[in-house]
Amino acid sequence: MASFVIEGGYKLNGEITPQGAKNEVLQVLCATLLTDEEVTVSNIPNILDVNNLIQLLRDMGVQVSKTGSDTYTFKADNINLAYLETEEFLSRCSKLRGSVMLVGPLVARFGKAMISKPGGDKIGRRRLDTHFLGIQKLGAKFDYDASEGLFRISADKLKGTSMLLDEASITGTANIIMAAVLAEGTTVIYNAACEPYIQQLCKMLNRMGARISGIASNLLTIEGVSSLKGCTHRALPDMIEVGSFIGMAAMTGSEITIKDVSYENLGIIPDSFRRLGIRVEQRNDDIFVPAQEHYQIETFLDGSIMTIADAPWPGLTPDLLSVMLVVATQAKGSVLIHQKMFESRLFFVDKLIDMGAQIILCDPHRAVVIGHDRGFCLRGGNMTSPDIRAGIALLIAALGAEGISRIHNIEQIDRGYQNIEQRLTALGARITRIE
């Protein structure tokens, strides 16, 4: 198990460019299965989850070629359907959360899919009902073997229909879209997720010949087509990395420029950091974060304590609440962090409390952070990363802490952040990887 050793208290300075958006890339890579023609995708991040999915596609029979530092071509013209029923395939799916999005393309194009219950971060319950109920409404049959944790899905021909999703699940919406584009007739999806990742997937599918309207809204209309062609696609910058770098600058009182952020696709993220008192300046398509020794959390108009909560797009992504919680520990003022979507994501705060943070964990979903304007500097600590987002939040805490910190199980961080220690070291951070 690899670890990071971090010497905190050093200022960062310079420019950093976010990687491609992991959550978008996992979707569009699965979408390459919808055609037998060549699909080229660029701005693919070199991270564990994405690399595992690329290798899984190779083993399924997809021809994969790396044509640039972040660019791959995919051609799914000879899929080995027998491999999809092997123990090796099912075992690998169980370790990769994004593998669930193989179901929609496989059922749409080949009429069947089998997948094991996918793994991923241990952040609470992550139901698959939205995925499977939606595809079931298109005419697929599902069989779940609870003893083996296997889903078997089959369909002679998917048929378009109207549906209301029980939750605006991003991956659930993506899966249903990918199934519906090759279904007969028209599919209408109410309460669809409309995050930029979904918008990007829809735009890519339309370039492949799909007929999707309502993009960027929560009401999608999909007119099914008989086949799709190839295309080229470039992934957006990762908004979670952008937010993480804003948090690092604030936590360490540093001046950094975040390059090529696709500002128009960041939504409420910059304003959410501004609510914590952090200056975030847009400069063309870059973000400049000036050095701030002090920042003060806003209150509501009536003077009551600020609440920052996650919500479906255009609300704040839950993936940044861990970062914002850490940043608030060094602010002036108090804030209630309300993590609505996952009940285990705030359990890492006990590690911050051990480092000297003033936090009250109210319940699995809510924590009150009491900032003392850097009056209580965090102390270095020894901790283990429980998931990707908590891992980067702990890294940010360690960068701003006094003394030496050790973070174990950094494979979790590697799943979502590309060469993070090298990129931060270039800004002046003191991070050493120990295998």
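One open sheet holds four strands in the order E21-E22-E1-E23, with mixed pairing; strands here (E, at least two residues) and helices (H or I, at least four) are DSSP runs, numbered from the N terminus, and two strands pair if DSSP finds at least two bridges between them. This is a predicted model, where local features need pLDDT of at least 70 and side-chain atom pairs count only at pLDDT 80 or more, while totals for chains, interfaces and linings use all residues. Residues are numbered from 1 along each chain as its sequence is written, and side-chain values use heavy atoms, with hydrogens and water left out.

At the edges of the E21-E22-E1-E23 sheet sit strand E21 (382–384) and strand E23 (430–434), each pairing on one side only. Neighbouring strands of this sheet are turned by 20° against each other on average, direction ignored; angles run from 0 to 180 degrees between N-to-C directions, and axes are lines fitted to C-alpha atoms, for helices over the stretch in contact. Strand E1 (residues 3–7) runs antiparallel to E23, and five bridges join the two. Within E23, isoleucine 431 is the residue that stands opposite isoleucine 6.

Another open sheet is built from four strands in the order E4-E5-E3-E13, again with mixed pairing. Its edge strands are E4 and strand E13 (231–234), and each of them pairs on one side only. The average turn between neighbouring strands in this sheet is 15°, direction ignored. Strand E3 (residues 38–42) pairs with E13 in the parallel sense, over four bridges, and valine 39 faces cysteine 231 in E13. Helix H7 (residues 196–207) packs on this sheet and touches E3 and E13, its direction making about 160° with that of E13; contact means heavy atoms within 4.5 Å.

On the E4 side, strand E4 (residues 63–66) and strand E5 (residues 72–75) are partners in the antiparallel sense, also over four bridges. A hairpin of five residues takes the chain from E4 to E5. Glutamine 63 has lysine 75 of E5 standing opposite.

Then come the helix pairs. Helix H8 (residues 239–252) packs against helix H12 (residues 388–400) at an angle of about 20°, with their axes 8 Å apart. H8 and H12 are therefore roughly parallel to each other; angles under 35 degrees count as roughly parallel, over 145 as roughly antiparallel, 65 to 115 as roughly perpendicular and the rest as oblique. H8 passes H12 in a right-handed crossing, that is, with the near helix turned clockwise from the far one by less than a right angle (anticlockwise would be left-handed). H8 brings Ile240, Ser244, Gly247, Met248, Met251 and Thr252 to the contact, and H12 brings Arg389, Ile392, Ile396, Ala397, Leu399 and Gly400. Sorted by type, the residues of the H8 contact with H12 come out as seven nonpolar, four polar and one charged. Here Ala, Val, Leu, Ile, Met, Phe, Trp, Tyr, Cys and Pro count as nonpolar, Asp, Glu, Lys and Arg as charged, and the others, Gly among them, as polar.

Helix H5 (residues 129–137) and helix H6 (residues 170–180) have axes that come within 8 Å and cross at roughly 20°. That makes H5 roughly parallel to H6, and H5 passes H6 in a right-handed crossing. Thr130, His131, Gly134 and Ile135 of H5 make the contact with Thr171, Gly172, Asn175, Ile176 and Ala179 of H6. Three nonpolar, six polar and no charged residues make up the contact of H5 with H6.
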